Amino acid sequence: MKVAVVGCGYVGLTTATALAWAGHRVNVVEIDERRVASLREGHPPFFEAHLDEAMAACARRLRFSTSHAEALVGTRAVFIAVGTPASKDGSADLSQVWSAVEQIVCNLTRSNVDPVLVTKSTVPVGTGDDIADRIRHLAPHHQLPVASNPEFLRQGRSLRDSLYPDRIVIGGPERARAVLREIYRPIVERSFEPLPGTTHPYGHTTPSVIEVDRRSAELAKYAANAFLATRISFVNEVANVCDRLGADIDSVTAIMGADPRIGSHFLHAGVGYGGSCFPKDTRALHQLARMHGYEFALVSAAIRVNESQRFRVLERLAWTLGGVEGRRIALLGLAFKAGTDDVREAPSIALARALAARGANVIGHDPRAVANARQVLQKVVVLTTSIDEALRGADAAVLMTEWPDYLSLDAQYYRARMRRPIVIDGRNALPEAVRRGVEYYGFGRGALRQPTIERSRVAAD
Ligand code: UGA
């Protein structure tokens, strides 16, 4: 089938590539001309492992253009995958969605069979209804059914998540659902070839297709992200209690996770979640509920816990070093997690600023995200692409993301370079041998005395 995708961020480009890989002809519209030029040459605008190879392998079915009119000819569905960043009050800014809708409607031709308009972007509940109203107003002669088809892919493994999803959610009227069922058939039936150099994942069952009303589909996306974020904040609080009670978080979560009602995923304690989704979507859900007269207390607590969790590193550093002023602190990992170059709402960025504000000399390293980090941190910290340089002469190192480049370092590597081998493991990811060979502090590993710095002082900054 012929489909169009509007927007070339993580969700748009991955969705487009996955649909092309599954056999569809996909026209991608992106308003940024430079971006289109480099996409035509096969370069994604962000780092995502294997995406460029997959784009190259299905290049015949993947077209990029700045023209909506060109992209819409003969398409059965148009996926809107533009950004929905947070506004100042936490609610989602839909200006890019509205502009996409207008462009789509203005560029429909009468000879077309009207395509289904599908929101892939995470949008507030009721946006699909508003889009349907807007289309009725702008193009009364057209009949575009509107569907919500939220995306659950994770950065760092986005193509795999798109081709092997757990579930496909389709919300909207039957006419829209029928087209989307058809589009997703190759993915549901797994009739596509494995990605270059891979096999279909062993033991993965084919996805269930969940067909619901549009509002439920829209809300499910927020609820899923907010639930996962709450889980992380919950486990981080358990870790904080472990530190005070002398228990071990890994043992506690192993026992919790062995209960199938709980499960073991998303129970990793550390500096908390970041990225372009959890922080934004939790705030948007909280704001959405409040606008409709409901105080979502649990989500609000999860947000607060997450925002303070990263500063526990600061407490530990201040406690072990007797203050951070004038100390050289190496931050290992600047992206919000391993496998991406995305620094949006990364705990490391907030921590780097807080350390610098207290007079620490911060040196940040990341295998992929230095260029993006430079844009947000500018002159606040020194940035390097050399782990050796980051650790040389450091008074302490903080592991902020679990990139394999860091997990493969042995204790001697730290000891040989650092002034004092204090290593704070912000992801509880370092192997046992490293933990034994350095002055190690994890999260919820027990036996940690109360930090002396007052939390209120930290929060005040
Ligand atoms: C998240 C969701 O997992 C996806 O299902 C969703 O589609 C996506 O948001 C989105 O809305 O677009 P992503 O932001 O790529 O995906 O990253 P995750 O792998 O979920 O991690 C989010 C953050 O939580 C990271 O900072 C990670 O380090 C942190 N995390 C994750 C923990 O601190 N502990 C955990 O146990 C798991």
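Start by selecting helix α8, residues 174-188. This is a predicted model, so you are touring a prediction. Colour A176, R177, V179, L180, I183, Y184, P186 and I187: these residues of α8 are buried. Now look along the helix to E182, where there is a kink of about 35°. Shortly after that kink you'll meet the proline P186, which is among the buried residues you just coloured. Step just past the end of α8 and click on R190, which has a positive phi of about 50°.

**Two more positive phi values**

Why stop for a positive phi? Because most residues other than glycine have a negative one. Go to H50, in the loop between α2 (33-40) and α3 (51-57). Its phi is near 70°, and H50 is not a glycine. Next, jump to N428, where phi is positive again, at about 45°, and again the residue is not a glycine. You'll find N428 in the loop between β13 and α19.

**Around R427**

Stay in that loop and select R427, which sits between β13 (422-425) and α19 (432-437). Is R427 buried or exposed? Its relative accessible area is 16%, so it counts as buried, since the cut-off is under 20%. N428 is also buried, because its relative accessibility is 14%.

Which residues does R427 touch, once you skip those up to four places away in sequence? Show A269, V271, G272, F336, P347, L399, M400, T401 and E402 to see them. If you'd like to try the distance tool, pick the C-alpha atoms of R427 and V370: they are separated by 19 Å, and the two residues are 57 apart along the chain.

**The largest nonpolar core**

Now for some greasy side chains. The largest nonpolar core has 41 residues, and V26, L62, F64 and F79 touch the most other members. Which helix gives the most to this core? Highlight α1, residues 10-21, which contributes 7 residues. In soluble globular proteins, nonpolar side chains tend to be buried together.

Zoom in on L62 and show what surrounds it. Leaving out neighbours within four places in sequence, L62 is in contact with A16, T17, A20, V26, V28 and M55.

**The second largest pocket**

Turn to helix α9 (214-245) and then α12 (297-309): each supplies at least two residues to the lining of the second largest pocket. That pocket has a volume of about 320 Å³. To find its middle, select F227, T230, R231, F234 and L298, which lie nearest the centre among the 17 lining residues. How many of the lining residues come from α9? The helix provides 8, the largest share. Colour the lining by class and you should get 13 nonpolar, 2 polar and 2 charged residues.

**The second largest cavity**

Keep α9 on screen for the last stop. The structure holds 2 cavities of 30 Å³ or more, and the second largest has about 40 Å³ of space. To see what lines this second largest cavity, select T119, S121, T122, V123, S148, P150, A217, E218 and K221. Here too α9 gives the largest share of the lining, with 3 residues. Sort the lining by class and you get 3 nonpolar, 4 polar and 2 charged residues.

Technical notes:
Residues are numbered from 1 along each chain as its sequence is written. This is a predicted model: local features need pLDDT of at least 70, side-chain atom pairs count only at pLDDT 80 or more; totals for chains, interfaces and linings use all residues. Side-chain values use heavy atoms; hydrogens and water are left out. On a 1 Å grid over the protein atoms alone, a cavity is a set of points where a 1.4 Å probe fits but cannot get out, and a pocket is an open set with protein on both sides within 12 Å along at least five of seven lines; lining residues have an atom within 4 Å of a point. Grid points are joined across faces, edges and corners, and a volume is the space filled by probe spheres set on the points. Helices (H or I, at least four residues) and strands (E, at least two) are DSSP runs, numbered from the N terminus. Ala, Val, Leu, Ile, Met, Phe, Trp, Tyr, Cys and Pro count as nonpolar, Asp, Glu, Lys and Arg as charged, and the others, Gly among them, as polar. The bend at a residue is the angle between axes fitted to the seven residues ending there and the seven starting there. Buried means under 20% relative accessible area, exposed over 50%, partly exposed in between (1.4 Å probe, protein chains only). A nonpolar core is a set of buried Ala, Val, Leu, Ile, Met, Phe, Trp, Tyr and Cys residues joined through side-chain atoms within 4.5 Å. Contact means heavy atoms within 4.5 Å.
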